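This report examines selected helices, one contact between chains and several loop residues. Please consult the sequence and the structure shown below.

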Amino acid sequence: MYRYDEFDHEFVESRVAQFRDQVARRVSGELSEDNFKPIRLQNGVYLQLHAYMLRVAVPYGTLNSQQMRMLAHIARKYDRDYGHFTTRQNIQFNWPKLEDIPDILADLASVEMHAIQTSGNCIRNVTADHFAGASADEIADPRPYAEILRQWSTVHPEFLFLPRKFKIAVIGAGVDRAAMQFHDIGLEVKRNAADELGFGVFIGGGLGRTPMVAKQVRDFVAEADLLSYCEAILRVYNLSGRRDNKYKARIKILVHETGIDELKQQIEAEFERIREGVLKLPDEDVRSIEAYFAAPAFEELPNESAKLEAAQAADPGFARWVGRNVSAHKAPGYAIVTVALKGTGEAPGDATSAQMDVLAGLGEAYSFDELRVSHEQNVILPHVRLDDLKAVYDALLAHGMASANAGLITDIIACPGLDYCALATARSIPVAQEISQRFSDLDRQNEIGELKLKISGCINACGHHHAGHIGILGVEKRGEELYQVTLGGSGDETAAIGEIIGRGFASDEITNAVETLVDTYLARRLSDDETFLEAYRRMGPAPFKEALYPPAPATEAA
Amino acid sequence: MGTLFVDLDQRDDPWISIEGEQPVPDGVDVIVSLDIFQSQREELLARNDGRIGVYLEPLEPVSAIAGDLDRLSVVALNFPSFADGTSFSKARQLRDAHGFEGEVRGVGDVRIDQIGHMQRCGFNAFVVENDATIAALSKGDNPALHLHYQPAADETKTGPGAKRWARRALD
């Protein structure tokens, strides 16, 4: 993974010193909250319902064990002993004191981490496929490009006060595990007919109150032109994006109102002007960044493990976990482990400091010192020997992290909701907890199969409800929390926005409604292999609507 | 009325801003709105007793004055609020796309923590209204970082060998 050079160290340290001075000016009263706000936001500090919240960047979701241990340390020392992994591969601490934040940032800097641009109307943490560098289906590792974009976008002087926040995701496989088409810029690493590396470029995706799937603006941009093309997109957006209404300020609205063809012309014209300039990437510089992400020294192993097979035969719980939470690796004899931070009744994405320490230890012992955070709020051990899977499982089991539910109905994405967030209009976590409890029977979950359920506590859609096979949106209506259901959304390469199915449900009805939807699917699916999403796409909303809102019975005979 | 800083030094402002229906006086340096510039372009450019500058609101594009830039001495770009960053990109268009060498001044809600970013985008003058910013600039404080991860419109040294997009401020 990427390691800071002297430049990076000096940069982050001077940024911490700068913020320390700004916090001191705020605490002394020299800086008003109004003047401080844009500064703290660009350092990841939010003011939430009850306290400040610090969002720490995990660039493209990649961490080493030392970094994970530091996150545990911060949770223990400065917070209430836990952290919350987010849908943007970051981690949030919910209870830090403002005066402590410069020290937290200094601690982070000591392990090559920061909180720069994790909020504010700027280019946010660049995300990537959480299986990058490990999955069997990869064309190229997207992380070197994500790192180059991280550097270019960090304190880019021109793009710190955009019309609205700006999110970039990079994937390196045909399968999309990063919801790339729901980003302001989505990049798909690919090879052209001449076998050269480059990117398919998508713009204008996003969730929020006006969800849109991104539109392809370029089939292929050469590797060397990555920064020039992105800078052209950002410049056009910064000049023309709407600032009169923050709900119409994302680039998706500009794409929608201007039209992709006209906007593409503007982007291409700017790109042509700058493409041979200073942003053109020298091949050797790209290769030197790429070298940081070279595959670890995998042993030559057979594709099968007798040890694993024996353990599976002896322990059905382990076998089930392997079936759900272990994915194919590109190197024979290795596997990718998804650690689901979704135990029954837990808040999705939360991890205690003890759990983070365990994960760090497992990364160190069994995964070449590497961990990932997924946008589905899980932690990944990307490079585990098949022979070691049982040892990893046993350790996870001992610390409550062995839920065998990856991709199942209880592997829920949920935003913090009204329990923490100043924007929320309804609670998300209690709904996730209740659904998780209702479907806690693993046999039943496996019978249901792959089902992505996503919950947002307000229309800003941090819980990605539009992209859920079942999406739940909490709103406030006449003082009560009301939960609207959308069906048929998807965040993968077949990206789609869920459709609202009908009137919402009260908090004590929503779990029943989900159960009704699931039962309807089970009764009508063509086979065990037809997933919920496939069944929905085949049948449309009608049978689900009918089940949720049965027609009033005909007048009964006297 | 703000306080003018050119290259971070406080100066008396020799320029008079003309807005609305006000007639353009002779014999002085004037900064006019885009409306006035467009409606009185011939007369203004024919003046030989006073320099001309144009003031642009965020939504008034640089392209509206691009053909006349060699006759203009100042382009003033407004920040109606610090949060409206349109003018950052317009400064870069002026410097990079059009090679404008005159004064690019930031006016409006200009704050100390943004001055460094503005300089990097090509601004070299600021009309500051914010008291804390005037105080800081008067003391010579500028909290800008001296390391940058990307080239911009300013003059910098290239960064370390392995990432030529990085930059270091000139001493």
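Contact here means heavy atoms within 4.5 Å. The model under discussion is predicted.

## Helix α17 of chain A

With that criterion, the buried residues of α17(A) pack against three strands, β18 (470-477), β19 (480-487) and β20 (499-500), and against the helices α16 (510-524) and α18 (542-548), in chain A. The helix itself comprises residues 532-539, and its buried members are A:Phe532, A:Leu533, A:Ala535, A:Tyr536 and A:Met539. Viewed down the axis of α17(A), these residues lie within an arc of 165 degrees, so they line one face of the helix.

Immediately after α17(A) comes A:Gly540, with a positive phi near 75 degrees.

## Helix α8 of chain A

Helix α8 of chain A spans residues 260-274, which amounts to 15 residues. From first C-alpha to last it reaches 21 Å, close to the 21 Å expected at 1.5 Å a residue. Buried in α8(A) are A:Ile260, A:Leu263, A:Ile267, A:Glu268, A:Glu270, A:Phe271 and A:Ile274. Around the axis they cover an arc of only 165 degrees, which places them on the same side of α8(A). On the other side of α8(A), the residues A:Asp261, A:Gln265 and A:Ala269 are exposed.

The partners of the buried residues of α8(A) are the strands β9 (197-203) and β10 (215-222) together with the helices α6 (226-240) and α7 (251-258), in chain A. The loop between α8 and α9 (283-292) of chain A contains A:Pro282. A:Pro282 has a relative accessible area of 19% and is therefore buried, the limit being under 20%. Its C-alpha atom is separated by 9.6 Å from that of A:Glu223, 59 residues apart along the chain.

## Contact between chains A and B

Two packed helices are described by the angle between their axes and the distance between the axes. For α6(A) and helix α3 (residues 86-97) of chain B, the axes come within 8 Å and cross at roughly 120 degrees. The helices α6(A) and α3(B) are therefore oblique to each other, and their crossing is left-handed. On the α6(A) side, the contact is made by A:Glu231, A:Arg235, A:Asn238 and A:Leu239. The residues contributed by α3(B) are B:Thr86, B:Ser89, B:Lys90, B:Arg92 and B:Gln93.

Two of these residues, A:Glu231 and B:Arg92, also contact A:His156. Leaving aside neighbours within four places in sequence, A:His156 is in contact with A:Gln117 and B:Gln150 as well. A:His156 is located in the loop between α5 (143-153) and β7 (168-171) of chain A. Its relative accessibility is 0%, so A:His156 counts as buried.

## Positive phi outside glycine

Most residues other than glycine have a negative phi. A:Tyr60, although not a glycine, has a positive phi of about 40 degrees. The residue lies in the loop between β2 (52-56) and β3 (62-64) of chain A. A:Tyr60 counts as buried, at 5% relative accessibility.

A:Ala461 likewise has a positive phi, near 65 degrees, in a residue other than glycine. The position of A:Ala461 is in the loop between β17 (453-456) and β18 of chain A. With a relative accessible area of 3%, A:Ala461 is buried. The strand β18 that bounds this loop is also among the elements against which the buried residues of α17(A) pack.

Key. Residues numbered from 1 in each chain as written. Chains lettered and ligands numbered in written order. Predicted model: local features only at pLDDT ≥ 70, side-chain atom pairs only at ≥ 80, totals over all residues. Heavy atoms only, no water. Helix = DSSP H or I, 4+ residues; strand = E, 2+ residues; numbered from the N terminus. Expected span 1.5 Å × (residues − 1). Buried < 20%, exposed > 50% of the residue type's maximum accessible area, 1.4 Å probe, protein only. Arc of directions from axis to C-beta. Axes fitted to C-alpha atoms, helices over the stretch in contact; angles between N-to-C directions. Parallel < 35°, antiparallel > 145°, perpendicular 65-115°, else oblique. Left-handed = near helix turned anticlockwise from the far one by under 90°.
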